Amino acid sequence: MRVGVAVIDTGIYRHVDFDNRIIGFQDFINGKFNPYDDSGHGTHVSGIIGGSGRASRGKYKGIAPEAAIIAVKVLDMAGNGRITNVINGSRWILKMKDYYNIKVVNISFGTTMENQEDEAEELIHAIDDLWSAGIVVVAAAGNSGPEKYSVTAPGICKSIITVGAYDDRSFGDEKNNDKKYYSGRGPTRECVMKPEVVVAGSNIIACSNRKNAYAVKSGTSMAAPIVSGAIARLLGEQSLTPKEIKKRLMKCCRKIDVPANQQGWGMLDVIKFISDK
């Protein structure tokens with residue numbers, strides 16, 4: 001059975017690069033039953049994780065092109081959503097994890113704790129429950145850097161793997177945003193080191209929500225699925241616990257020339273992570 005990756009995001013478009021591997025869809029925004037993505041963000045994230053590259057003749061292939069995708073729509077077409085929908089989405093994943101063989105959850109968005117501390121705390125508990133159930137949860141560090149304490153929830157969750165971008169000197173997305181040094185930086189308010197790892201996040205090309213097309217996007221939203229895809233690919237070959245995955249990540253990172261509170265363990269060597277025995 002294929003490794004299932006649940007993508008909590010804006011949904012997913014049936015891009016040719018996903019073949020027949022979109023095996024689950026749940027919509028907490030509009031209650032629709034068939035996969036769709038009125039934003040494009042979730043499709044792009046899913047393409048980084050598991051696009052086959054078919055429409056580009058292999059040029060824009062995801063990290064784990066054999067993985068199955070379970071799309072959980074909790075954000076609207078503008079990328080906005082309620083924390084309660086994210087909590088409900090995570091609980092749905094917990095209920096369906098065995099049915100879809102969900103081994104990895106990717107969360108490429110975040111929220112600040114301000115003015116909604118109770119809901120944010122409930123979100124952290126819900127994400128912790130996924131990790132405790134044996135699912136590897138990967139979250140973006142957020143784009144609120146470069147100040148310390150700028151990692152967003154649920155990236156601040158102690159148990160999970162939080163991913164930043166090392167190449168955050170320019171945003172370079174299709175909206176011509178010019179925010180520099182955007183990657184969220186730790187520590188958390190509880191003095192927990194975050195993020196754990198960094199990978200590329202700027203000017204990433206992956207599937208769009210248009211037929212056979214691709215888009216360029218930037219942000220830690222694009223960094224997180226690189227790590228999720230690497231984990232899914234590894235779990236397709238080896239049976240490892242979330243704790244073992246975390247230890248392996250640590251061993252496959254190297255320090256680079258960015259601030260310590262931006263990189264955590266350092267830049268992940270994806271090839272080493274996937275291939276080392």
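This is a guided tour of a predicted model, to be followed with the structure open in a viewer.

**The sheet**

Begin by selecting the strands of the open sheet, of which there are nine, and follow them in the order β2-β3-β1-β4-β5-β6-β7-β11-β10, bearing in mind that their pairing is mixed. Look next at the two edges, where you will find β2 (22–27) and β10 (253–254); each has a single partner strand, so one side of each is left without a neighbour in the sheet.

Now select residues 102–107, which form strand β4, together with residues 136–140, which form strand β5, and you will see two strands that pair in the parallel sense over four bridges. As a landmark within this pair, pick out V104, which stands opposite V136 in β5.

**Helix α3**

Keep β4 and β5 in view and add residues 117–132, which make up helix α3; this helix packs on the sheet, where it touches β4, β5 and β6 (161–165), and its direction makes about 140° with that of β5. If you take the distance between the end C-alpha atoms of α3, you should find 22 Å, which agrees with the 22 Å that its 16 residues should span at 1.5 Å a residue.

Which residues of α3 are buried? Select A120, L123, I124, A126, I127, L130 and W131, for these are the buried residues of the helix. They lie on the same side of α3, because the arc that they cover around the axis is only 165°. To see what covers these buried residues, display the surrounding elements, including α2 (83–96), β4, β5, β6 and α5 (242–251). Turn then to the other side of α3, where D118 and S132 are exposed. Before leaving the helix, select G134, which follows α3 and has a positive phi, near 95°.

**The hairpin of β8 and β9**

Move on to residues 204–207, strand β8, which four bridges join to β9 in an antiparallel arrangement. The two strands form a hairpin with six residues between them, and in the turn you can select N212, whose phi is positive at about 60°. Across the hairpin, I205 has V216 of β9 as its bridge partner.

Colour the side chains of β9 (residues 214–217) one by one, and notice how they alternate: A215 and K217 point to one face and are buried, whereas Y214 and V216 point to the other and are not. Such alternation between the two faces of the sheet is what the side chains of a regular strand show.

**Loops with unusual backbone**

For the last part of the tour, go to the loop between β5 and β6, where P146 has its place, and look at the peptide bond that leads from G145 to P146, which is cis with omega near 10°. A second cis peptide bond runs from K194 to P195, with omega near -10°, and P195 is found in the loop between β6 and β7 (197–199).

Stay in the loop between β6 and β7 to select C191, which has a positive phi of about 65° although it is not a glycine. Is C191 buried or exposed? Its relative accessible area is 65%, and residues over 50% count as exposed, so C191 is exposed.

End with N101, in the loop between α2 and β4, where phi is again positive in a residue other than glycine, near 55°. N101 counts as buried, because its relative accessibility of 17% is under the 20% cut-off.

Conventions. Residues numbered from 1 in each chain as written. Predicted model: local features only at pLDDT ≥ 70, side-chain atom pairs only at ≥ 80, totals over all residues. Heavy atoms only, no water. Pairing = 2+ DSSP bridges. Contact = heavy atoms within 4.5 Å. Axes fitted to C-alpha atoms, helices over the stretch in contact; angles between N-to-C directions. Expected span 1.5 Å × (residues − 1). Buried < 20%, exposed > 50% of the residue type's maximum accessible area, 1.4 Å probe, protein only. Arc of directions from axis to C-beta.
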